[in-house]
Amino acid sequence: MVNGYPICDKCMKAFNPVFGKDKINDKYKLYYLYNYDQNIRDLIYRYKGCNDYELKDAFIKRFSFWLRMKFSGYTIVPAPSSKEKEEERGFQHVEEVFSALKFKINQCFIKTSDFKQSSLTVNERKEVASKLEIVNGQSVKGKRILIVDDIYTTGSTVKAMISKLEPYHPKDIKVLVVAKTIYNPNKAHNNNLE
């Protein structure tokens, strides 16, 4: 551990943050800290696949002050894991990463069945909404909501969460993820978050 981080200084430099932003459905702002490259893929796998809990602070801790300022007044709504995965790991991996922001966390989503996104086809990913359920939706009414997740690939989970939140009329919805898959390497991404 170096300077309070669970990995060495050399490894921290390999993270290579991009601070990108994008839009979901031409309406909702999506912010991501890293491109989903091999380094980030390996670290996320070690964290959630190998239960290396100490890595939870490596992803956003050094940016937490800035992120707290950027999203001040927002309530975190984490993408859910299955109950079985949470019991197997002993922690909710998305919630733990973003707990460094010290915002109120509203676990208003549950997975109704266990599935691994990476094992789903594109068409199966479109059906993710049927595997998510919102509980106590009234708790988001009039609130500023920050949906958080670890990886944004096709966006099916986040889009499903947004569609289930909209009927409860939150004041605002934004999305923050650790990493986003970049499909077109020739497409420039915006390195400046507002």
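Student: Where is Asn51 found in this structure?

Tutor: In this predicted model, Asn51 is found in the loop that runs between α2 (38-49) and α3 (64-70).

Student: What makes the phi of Asn51 worth a remark?

Tutor: Most residues other than glycine have a negative phi. Asn51 is not a glycine, and yet its phi is positive, near 55°.

Student: Why is Asn51 called partly exposed?

Tutor: The relative accessible area of Asn51 is 33%, and the class in between covers values that are neither under 20% nor over 50%, so Asn51 counts as partly exposed.

Student: What is the phi of Asn136, and where is Asn136 found?

Tutor: Asn136 has a positive phi of about 55° although it is not a glycine, and Asn136 is found in the loop between β5 (132-134) and β6 (144-152).

Student: Why does Asn136 count as exposed?

Tutor: Its relative accessibility is 55%, and exposed means over 50%, so Asn136 is placed in the exposed class.

Student: How do you know whether Cys50 and Cys108 are buried or exposed?

Tutor: Each value is set against the cut-offs: Cys108 has a relative accessible area of 1%, which is under 20% and therefore buried, whereas Cys50, with 45%, lies in between and is therefore partly exposed.

Student: How many disulfides does a search of the whole structure find?

Tutor: The search finds 0 disulfides, and because the term requires a pair of cysteine sulfur atoms within 2.5 Å, the conclusion is that no pair in the model meets that cut-off.

Student: What makes a set of residues a nonpolar core, and which residues have the most contacts inside the largest one?

Tutor: The residues must be buried, of nonpolar type such as Leu, Ile or Phe, and joined through side-chain atoms within 4.5 Å; the largest such core has 32 residues, and those with the most contacts inside it are Phe59, Ile60, Phe98 and Leu176. Among the elements that give two or more residues to this core are β2 (28-35), α5 (93-98) and β7 (172-180), while α2 gives the most, with 4 residues.

Student: Which residues does Ile60 touch?

Tutor: Leaving aside residues up to four places away in sequence, Ile60 touches Leu33, Leu67, Val97, Phe98, Ala100 and Leu101.

Student: How far apart are Lys21 and Leu176 in sequence and in space?

Tutor: Lys21 and Leu176 are 155 residues apart in sequence and 9.1 Å apart in space, C-alpha to C-alpha. Lys21 is found in strand β1 (residues 20-24), and its relative accessible area of 24% is not under 20%, nor over 50%, so Lys21 is called partly exposed.

Key. Residues numbered from 1 in each chain as written. Predicted model: local features only at pLDDT ≥ 70, side-chain atom pairs only at ≥ 80, totals over all residues. Heavy atoms only, no water. Buried < 20%, exposed > 50% of the residue type's maximum accessible area, 1.4 Å probe, protein only. Contact = heavy atoms within 4.5 Å.
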